[in-house]
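Student: I am new to this structure and would like to learn my way around it. Could we go through it together, one question at a time?
Tutor: Gladly! Let us put it on the screen and begin.

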Amino acid sequence: MQYISTRGGMQPLPYCETLLEGLAPDGGLAVPETMPTVDGETLERWRALTYPQLATEVLGLFATDIPREDLARMTAAAYADFPGEVVPLRRIDDDLTLVGLSEGPTLAFKDMAMQFLGQVVEYALERKGSVLNILGATSGDTGSAAEHALRGKERISVFMLSPQGRMSAFQRAQMFSLDDANVHNITVDGVFDDCQNLVKALAGDLDFKRAQHLGAVNSINLARITAQVVYYFWAWLRATDAGGWTELSFTVPSGNFGNILSGFFAKQMGLPIRRLVLAANENNVLDEFFRTGIYRPRSAAQTLATSSPSMDISKASNLERFIFELVERDASRVLGAWRELDEQGFFDFSADQARFAEEFGIVSGTSTHADRLETIRSVYEASGDIIDPHTADGVKVARENVESGVPMLVLETAKPQKFAETILEAIGVQLEYSPELQAMLDAPQHVTELPDDAQVLRAFIEEHALR
């Protein structure tokens, strides 16, 4: 299995080399040269596997340059501290089932991929005898998941950018309470998209990238996308354990398009997925795109601060991987679309809009703060379950897209404790924290404030990077 760039300018690379690259040298994103496929007989054989064993099988289709025994050791280590089932499914009403993805160390779905990424990046670096300085941007959960997965690793340093004042108090504490020497938290005077633009600017400077051994852990990283594919297979298997082939739909709260892209990969691989339902919050650029075919990212000033802050994103990095498939893998058309985006602030695929649902199975919807509160309240009253605001966005949009005879699974994104203020507002319940979580919230915080300036960030990395 080899990987190419969506923009056509990267020689095919194996898995380990691709994940160390992050952004491709031509500015594109890595995609499989040929998507692996899974048939019904293989799916049935996988039904009896544990989650780490299933991860070995699915990831083994992508990471063909890693010996199977090494891959099995890494997946076992990645999920060793999760509860027994790793990803539990639970019904919340007659129509919807939640896929429990927040059982990891930072209580968010990002742990599902980050815990594996921490293992495989360290493995690839040891094999190469090299170091990596991770430069990432977070709107909340990616940063803490990455830092907890990579803290203390000798060959890796983490430089994580986050927007000042745009995360919940819990999210800030999870990141800034870490005092590991290889973790550098940086707040930027701006919004998430400004942070993401800084990451792309430095990653696009190939001389600087090579000199400083820069890599990425955002959802542009191939290991993140492929590790997330696993739980779509797991959820489908568990939802169909009662017997019979069943086509399912998934609803996915989405900001940077990485989580739902993994479902798109799973569908391309042959998993019987009928629909992938994208749930956006008020920053609904992606919903507008899938409803109209016109992609028009908003400026930092137009990007709203909402009660589902991890989705406060107006420029979705992973959409490029979908566009690559939409234009039938024609890299010149991808380049043309992004040139139009740079020149006029939007690109237009309205002529292809009907294909989004008909050919690719993707539909979308938007949820607001009022919707979140009402959804959290209704789920709590009906089932006793407390869901976080991002999952509530998913549940709200899922309810609008349920089809008769087609089970609907909603991907949970985080534990409600991460967003206690919104839970209190919705249902009047003051969530309790364990002694460990309270200690984290009370711990001193370690963070550097920087302006939205690429040169200042360059100087900071040059001073603190591993060599």
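Student: Which helix gives the most residues to the lining of the second largest pocket?
Tutor: Keep in mind that this is a predicted model. The second largest pocket has 13 lining residues, and Leu20, Glu21, Lys128, Leu132 and Arg210 lie nearest its centre. Two or more lining residues come from each of helix 1 (15-21), helix 5 (110-128) and helix 9 (206-211). The one that gives the most, with 3 residues, is helix 1.

Student: How many charged residues are in the lining of that second largest pocket?
Tutor: This pocket holds about 260 Å³ of space. Its lining has 6 nonpolar and 2 polar residues, and the number of charged ones is 5.

Student: And what about the largest pocket: which helix supplies the largest share of its lining?
Tutor: The largest pocket is lined by 18 residues, with Arg7, Gly27, Lys200, Trp338 and Asp342 nearest its centre. Helix 8 (192-203) and helix 14 (331-344) each bring at least two residues to the lining. The largest share, 5 residues, belongs to helix 14.

Student: How much space lies in the largest pocket?
Tutor: Let us look at the lining before the volume. By class, the lining divides into 7 nonpolar, 4 polar and 7 charged residues. The space in this pocket comes to about 390 Å³.

Student: Now for the cavities. What is the volume of the largest one?
Tutor: A probe the size of a water molecule, rolled over the atoms, shows where empty space is left. In this structure there are 5 cavities of 30 Å³ or more. For the largest cavity, the volume is about 270 Å³.

Student: Which class has 15 residues in the lining of the largest cavity?
Tutor: The largest cavity is lined by 25 residues, and those nearest its centre are Phe109, Lys110, Thr142, Asn256 and Ser310. Helix 6 (141-150), helix 10 (222-239) and helix 11 (258-269) each supply at least two residues of the lining. Sorted by class, 7 residues are nonpolar and 3 are charged, while the class with 15 is polar.

Student: Thr142 is on that list of residues. Is Thr142 buried or exposed?
Tutor: Thr142 is part of helix 6. Leaving aside neighbours within four places in sequence, Thr142 is in contact with Lys110, Met114, Ala137, Val217, Asn218 and Arg224. Its relative accessibility is 9%, and because buried means under 20%, Thr142 counts as buried.

Student: Which side chain forms a polar contact of 2.6 Å with the side chain of Thr142?
Tutor: Look among the residues nearest the centre of the largest cavity, where Thr142 is listed too. The side chain that makes this 2.6 Å polar contact with Thr142 belongs to Lys110.

Student: Let us turn to the nonpolar core. Which helix gives the most to the largest one?
Tutor: The largest nonpolar core has 107 residues, and Tyr15, Phe233, Phe257, Leu319 and Phe322 touch the most other members. With 13 residues, the helix that gives the most to this core is helix 10. There is also a second, separate core of 21 residues, including Val277, Ala279, Leu373 and Met408. Back to the name you asked for in the largest core: helix 10.

Student: Which isoleucine does Phe322 touch, not counting residues up to four places away in sequence?
Tutor: With those close neighbours in sequence left out, Phe322 touches Phe257, Leu261, Phe264, Phe289, Phe290, Phe356 and Phe360. The isoleucine on the list is Ile362.

Student: Where does the side chain of Arg329 reach a backbone oxygen at 2.8 Å?
Tutor: Arg329 sits in the loop between helix 13 (319-326) and helix 14. At 28% relative accessibility, Arg329 counts as partly exposed. Its contacts, apart from neighbours within four places in sequence, are Ile4, Val31, Pro32, Glu33 and Phe324. The backbone oxygen reached at 2.8 Å is that of Pro32.

Student: One last residue: what is the relative accessible area of Gln445?
Tutor: Gln445 is found in the loop between helix 19 (435-442) and strand 15 (448-450). Not counting residues up to four places away in sequence, Gln445 touches Arg172, Ala173 and Phe176. Gln445 is partly exposed, and its relative accessible area is 40%.

How values were computed:
Residues are numbered from 1 along each chain as its sequence is written. This is a predicted model: local features need pLDDT of at least 70, side-chain atom pairs count only at pLDDT 80 or more; totals for chains, interfaces and linings use all residues. Side-chain values use heavy atoms; hydrogens and water are left out. On a 1 Å grid over the protein atoms alone, a cavity is a set of points where a 1.4 Å probe fits but cannot get out, and a pocket is an open set with protein on both sides within 12 Å along at least five of seven lines; lining residues have an atom within 4 Å of a point. Grid points are joined across faces, edges and corners, and a volume is the space filled by probe spheres set on the points. Helices (H or I, at least four residues) and strands (E, at least two) are DSSP runs, numbered from the N terminus. Ala, Val, Leu, Ile, Met, Phe, Trp, Tyr, Cys and Pro count as nonpolar, Asp, Glu, Lys and Arg as charged, and the others, Gly among them, as polar. A nonpolar core is a set of buried Ala, Val, Leu, Ile, Met, Phe, Trp, Tyr and Cys residues joined through side-chain atoms within 4.5 Å. Buried means under 20% relative accessible area, exposed over 50%, partly exposed in between (1.4 Å probe, protein chains only). Contact means heavy atoms within 4.5 Å. A polar contact is a pair of N or O atoms within 3.5 Å; within protein, one must be able to donate a hydrogen and the other to accept it, and residues adjacent in sequence count only if both atoms are side-chain atoms.
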